[in-house]
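Reader: I have a protein to look at and would like to talk it through with you. Could you show it to me?

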Amino acid sequence: MRKFVILGGGYGGLAMIQGLISSHLPPDIELVLVDRMPFQGIKTEYYALAAGTASDFDLRIQFPNHNQLTKRYGEVTSIDLENKMIHMEQDEPIEYDYLVIALGCTDRYHGIPGAEQFTNSIQTFSSTRQTYQRLNDVKPYGQVHIVGGGLSGVETAAELRESRPDLNITILDRGSRVLSAFPSTVSAYVEQWFRDHDVNTRSHISVSHVEDGVVYNGDEPIHTDVIVWTAGIQPVKVVQDLNVPKDPGGRVLLNSYSQIPDHPEVYVVGDCASIPFAPSAQAAGAQAEQVAEILHALWRGDTPKLHKIRLKGTLGSLGSKAGFGLMGKTSVKGRVPRLLKSGVLWLSRRHFG
């Protein structure tokens, strides 16, 4: 049997499994899924778990069952590319013939002293649960600061406002407007929603360091009860430790088949891969589907045909009744994008669950 190991059961890893088992998987291939949890967490909705508007049970998708699929649960500590070996924290190493690295991302703290120690994360199921606990325990009229005004920061602030109307919520962003990656009309719509719902935004903030209960904008102390960090991401430490060429963001450089050039038996998908898209669940899933097609072609002895990856757009929510998004070059605002996002979530549960 040839052992095909998939590290990570997120959007990329799960799409990879679906793509492989749905189309004549060779009988001598044993798939091994390695993940720290016995289910996929719907990471695009972790902001709702943190805010308290969704339970963690709502955000779980069970992994598929298949007679050629084995599941291993635990923490990956390192990848030995030369000896084709995965080292685990409290388990025996796992050998592989083929490997897919789909381990996702972690927070990027930009070397800011105290940021990792004194802020709260929504990058993993476990850290998001802890963030929920911290936010839930804030006394009425307490201060919550969200560092980073991108998609995660905006959705977290809006959802928390819906969950805790008593709290003082402020987004601290280094740019001139929230959602700098979106057209200015979308930013203006979101800023107006925040004004209408009493969420504060502060722009041109340069976080110099963080202490317990204080985030510093240069020398200005901003006192707070809880700080949620949504100010950037990077590949997980296991990928950071790999001695392979990477782009400036730390993502692994790949050939056109999503292989590490010096290790063609190793594929990288999602947030760890240097692809021409911003990290997202949609990009990870689309790339993984392409890699599954590549593998089926190689196993048949054919030359893979690479279709162009096309993403459908980005949707964000402002609580349960409003939203925003970018579909191609068209901005969408209001009730419709919120309904669309709910529909996408329902479809992904149906597809994977």
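Author: Below are some questions and answers on domains, strands and cysteines. This is a predicted model, in which local features need pLDDT of at least 70 and side-chain atom pairs count only at pLDDT 80 or more, while totals for chains, interfaces and linings use all residues. Residues are numbered from 1 along each chain as its sequence is written, and side-chain values use heavy atoms, leaving out hydrogens and water.

Reader: Which residues does the UniProt annotation "domain: FAD/NAD(P)-binding" cover?

Author: That annotation comes from an unreviewed entry, and such annotations may be inferred rather than shown by experiment. Over its span the chain is 24% helix and 29% strand, where helices (H or I, at least four residues) and strands (E, at least two) are DSSP runs numbered from the N terminus. The annotation covers residues 3-285.

Reader: How many Å separate the centres of domain 1 and domain 2?

Author: The domain bounds come from an automatic or database domain assignment. Domain 1 is given as 2-36 + 74-106 + 233-300, and domain 2 as 109-231. Taken over C-alpha atoms, their centres are separated by 32 Å.

Reader: What is the handedness of the β-α-β crossover from E12 to E13?

Author: Strand E12 (residues 168-172) and strand E13 (residues 199-202) run parallel, joined by 4 bridges; two strands pair if DSSP finds at least two bridges between them. Ile171 has Thr201 in E13 as its bridge partner. Between these strands the chain passes through helix H6 (residues 184-196). A crossover is right-handed if, with the strands pointing away from the viewer, the path from the first strand over the helix to the second runs clockwise, and this one is right-handed.

Reader: In the open sheet E6-E7-E8, which are the edge strands?

Author: The 3 strands of this sheet pair in the antiparallel sense, with E6 and strand E7 (residues 85-88) sharing 4 bridges. Ser78 and His87 in E7 are bridge partners. The strands that pair on one side only are E6 (76-80) and E8 (94-95).

Reader: Why is Cys272 in no bond with Cys105?

Author: A disulfide is a pair of cysteine sulfur atoms within 2.5 Å, and by this rule the count comes to 0 disulfides. Buried means under 20% relative accessible area (1.4 Å probe, protein chains only); Cys105 is buried at 9%, and Cys272 is buried at 0%. The closest cysteine sulfur to that of Cys272 is in Cys105, and the bond is absent because the separation is too far, at 7.9 Å.

Technical notes
Buried means under 20% relative accessible area, exposed over 50%, partly exposed in between (1.4 Å probe, protein chains only).
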